[in-house]
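Colleague: I would like a close look at a single part of this model, namely the metal site and the elements that frame it. Please set it out as one connected account.

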Amino acid sequence: MSMMEWMVIIGGIAAIIWINWYFFLARQVVSNAAIALEGIQEVAIVVEGGYHPALVSVKRGKLVRLVFDRRERSGCSEEILFPDLGVRKFLPPFRKTTIELTPTETGDLEFTCGMSMLRGRLIVQD
Ligand SMILES: [Cu+2]
């Protein structure tokens, strides 16, 4: 086999390992929202090839302030969507963008990029 073919095979294996890590290991990390004095739940989420953290646990009925810190120019992450809430917002590169919402129901509240490739979730609990 040629050098090029070997590189394609190795690249493919590396991609499979990375995808498995991303979906099965990285996603299990759940961050708890820090509750500030005023009862606002504030979470900083770094946007760089994904959402870090991607799972955030929050309390129902309390204002949640999500501060998206976008550290890249990749077109993929330029929009953030909360499909269940009808929220769509542009995230300028190398800026922090704040989205505030108050979850009224327990359960999962998903957020994605404009193409639903990058995904994250708020886990709303009582
Ligand atoms: Cu995308």
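Modeller: One definition is needed at the outset: a residue is called buried under 20% relative accessible area, exposed over 50%, and partly exposed in between. The model is a predicted one, and what follows should be read accordingly.

The protein donors of the copper ion are the SG atoms of C76 and C113 together with the SD atom of M115, and they lie 2.1 to 2.6 Å from the metal. Along the sequence, these donor residues follow the spacing C-x36-C-x1-M. The pair C76 and M115 therefore links distant parts of the chain, 39 residues apart: C76 belongs to the loop between strand 6 (64–70) and strand 7 (79–82), and M115 to the loop between strand 10 and strand 11.

How do the donors stand with respect to cover by the protein? C113 has a relative accessibility of 0% and so counts as buried. C76, at 17%, is also buried, because the limit for that class is 20%. M115 has a relative accessible area of 45%, which lies between the two limits, so this residue is partly exposed. Although two of the donors are cysteines, the structure holds zero disulfides.

The strands around M115 can be described next. Strand 10 covers residues 107–113 and runs antiparallel to strand 11, with six bridges joining the two. One position in this pairing is D108, which stands opposite I123 in strand 11. Strands 10 and 11 form a hairpin with five residues between them, and in its turn S116 has a positive phi of about 50°. M115 lies in the loop between these strands.

Strand 11 (residues 119–125) also pairs with strand 5 (residues 55–59); these two run parallel and are joined by five bridges. Here K59 stands opposite Q125 in strand 11. Strand 11 is thus bridged to strand 10 in antiparallel fashion and to strand 5 in parallel fashion. As a general point, side chains in a regular strand alternate between the two faces of the sheet.

As for the setting of the site, the chain contains one helix and eleven strands, and in sequence order the helix precedes the strands, as the pattern α-β-β-β-β-β-β-β-β-β-β-β shows. Of the 126 residues, 34% count as buried. Among contacts between residues at least 6 apart in sequence, 54% join residues at least 24 apart. The chain exposes about 7800 Å², of which carbon and sulfur atoms supply 59%.

Methods
Residues are numbered from 1 along each chain as its sequence is written. This is a predicted model: local features need pLDDT of at least 70, side-chain atom pairs count only at pLDDT 80 or more; totals for chains, interfaces and linings use all residues. Side-chain values use heavy atoms; hydrogens and water are left out. Helices (H or I, at least four residues) and strands (E, at least two) are DSSP runs, numbered from the N terminus. Buried means under 20% relative accessible area, exposed over 50%, partly exposed in between (1.4 Å probe, protein chains only). Contact means heavy atoms within 4.5 Å. Accessible areas come from the Shrake-Rupley method with a 1.4 Å probe; for residues, only the protein chains shown count as cover. Two strands pair if DSSP finds at least two bridges between them. A disulfide is a pair of cysteine sulfur atoms within 2.5 Å. Donors are N, O and S atoms within 2.8 Å of the metal (3.2 Å for Na, K and Ca); water is not among the atoms, so sites may look incomplete.
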